[in-house]
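Here is a short set of exercises to work through with the model open beside you. Try each task before reading its solution.

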Amino acid sequence: MQLSNQARRHIAVNAAISSTQVLIYQALHDRYGFGRGRFAKIDTAVDEYSKHINHDGDRYSTYRDKMDAAGLDLRLKQDFIRWLKKSLGISGKAEHTGAEAGMEYTYTLMLYALYDVFGFRRERLRWLQRKLKFYARLILDGEVMIPEFMKCMTLECGQKFENLESWEKKYGELRIYG
């Protein structure tokens, strides 16, 4: 069965968004002990920002500009997106463009939620950016897989990921401890 271009693009965007989200969650859990309660606050804030943006590029740019002013490092963000996108094995121009846009959007709005809701500022944001880049490099180098991060967040925080469920259905239960 051949997938349509639109279906392939949708799959690439979904993988990009969920991968970005789980890596941000993992870093926040590891460093600050974030769990379901604070993740829910992030998700609620991101949903509100998305409704406000409502496909308006200028409104999205306002969030991105605020984060740039807060001290985000553009190079760290670009490296993260480039490495993660490459590790996902996305092919096709439309898929690449969609995945990159999904990562950028998720990254920006989730970090904005940390800034807005939890008071993260330059140093904490930069730490997070460095950690995300580190995770992306581990994934790109084949040291760890994104489903392993998802499994950790499932076991330690009770998070649910449809992508993990699909992965385990296809490959079997993922065991990350011992």
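## Exercise 1: A salt bridge between two helices

This predicted model holds 11 salt bridges. Find where the partners Glu104 and Lys77 lie, and decide whether each is buried or exposed.

**Solution.**

Step 1. Begin with the pair itself: the side chains of Glu104 and Lys77 form a salt bridge, at 3.0 Å from N to O.

Step 2. Place the partners. Glu104 sits in helix H5 (residues 93-118) and Lys77 in helix H4 (residues 74-87), so the bridge ties together parts that are 27 residues apart in sequence.

Step 3. Check accessibility, recalling that buried means under 20% relative accessible area. Glu104 has a relative accessible area of 19% and is buried. Lys77, at 5%, is buried too.

## Exercise 2: One glutamate, two partners

Which side chains meet Glu173 in salt bridges? Describe how accessible Glu173 and its partners are.

**Solution.**

Step 1. One partner is Lys151, with an N to O distance of 4.0 Å. Glu173 lies in the segment after helix H8 (162-171) and Lys151 in helix H7 (residues 146-157), so this pair ties together parts that are 22 residues apart in sequence.

Step 2. Another partner is Arg175, at 3.7 Å, N to O.

Step 3. Now for accessibility, where exposed means over 50%. Glu173 is exposed at 53% relative accessibility, and Arg175 is exposed at 65%. Lys151, in contrast, is buried at 8%.

Step 4. Look also for a network elsewhere: Arg75, Asp79, Arg82 and Lys133 are joined into one by salt bridges that share partners.

## Exercise 3: How H4 meets H5

At what angle do H4 and H5 pack, and which residues make the contact?

**Solution.**

Step 1. The two helices pack at about 135°, and their axes are 10 Å apart. This angle makes H4 oblique to H5.

Step 2. The crossing of H4 and H5 is right-handed.

Step 3. From H4, the contact takes in Leu76, Lys77, Phe80, Ile81, Leu84 and Lys85; from H5, it takes in His96, Ala99, Glu100, Met103, Glu104, Tyr107 and Thr108. Both partners of the bridge in Exercise 1, Lys77 and Glu104, are among them.

Step 4. Sorted by class, the contact of H4 with H5 has 7 nonpolar, 2 polar and 4 charged residues.

## Exercise 4: H4 again, now against H6

Are H4 and H6 roughly parallel or roughly perpendicular to each other? Then list the contact residues and their classes.

**Solution.**

Step 1. H4 and H6 have axes 9 Å apart and pack at an angle of about 25°. Angles under 35 degrees count as roughly parallel, and H4 and H6 are therefore roughly parallel to each other.

Step 2. H4 passes H6 in a left-handed crossing.

Step 3. H4 contributes Leu76, Lys77, Asp79, Phe80, Trp83, Leu84, Lys86 and Ser87, while H6 contributes Arg126, Gln129, Arg130, Leu132, Lys133, Ala136, Arg137, Ile139 and Leu140.

Step 4. The classes in the contact of H4 with H6 are 8 nonpolar, 2 polar and 7 charged.

Step 5. For one more residue of H6 (residues 122-140), take Lys131. Lys131 is partly exposed, at 23% relative accessibility.

## Exercise 5: H7, H8 and Met150

How do H7 and H8 pack, and what is Met150 in contact with beyond its sequence neighbours?

**Solution.**

Step 1. H7 and H8 meet at an angle of about 115°, with 10 Å between their axes. The two helices are therefore roughly perpendicular to each other.

Step 2. The crossing of H7 and H8 is left-handed.

Step 3. Pro147, Met150, Lys151 and Thr154 of H7 make the contact with Asn163, Leu164, Trp167 and Glu168 of H8. These residues divide into 4 nonpolar, 2 polar and 2 charged.

Step 4. Focus on Met150, which is found in H7 and is buried at 3% relative accessibility.

Step 5. Leaving aside neighbours within four places in sequence, Met150 is in contact with Ser18, Val22, Phe161, Asn163 and Leu164.

Step 6. Finish with a distance: Met150 and Gln129 are 21 residues apart along the chain, and their C-alpha atoms are separated by 19 Å.

Terms used
Residues are numbered from 1 along each chain as its sequence is written. This is a predicted model: local features need pLDDT of at least 70, side-chain atom pairs count only at pLDDT 80 or more; totals for chains, interfaces and linings use all residues. Side-chain values use heavy atoms; hydrogens and water are left out. Helices (H or I, at least four residues) and strands (E, at least two) are DSSP runs, numbered from the N terminus. Buried means under 20% relative accessible area, exposed over 50%, partly exposed in between (1.4 Å probe, protein chains only). Axes are lines fitted to C-alpha atoms, for helices over the stretch in contact, and angles run from 0 to 180 degrees between N-to-C directions. Angles under 35 degrees count as roughly parallel, over 145 as roughly antiparallel, 65 to 115 as roughly perpendicular and the rest as oblique. A crossing is left-handed if the near helix is turned anticlockwise from the far one by less than a right angle, and right-handed if clockwise. Contact means heavy atoms within 4.5 Å. Ala, Val, Leu, Ile, Met, Phe, Trp, Tyr, Cys and Pro count as nonpolar, Asp, Glu, Lys and Arg as charged, and the others, Gly among them, as polar.
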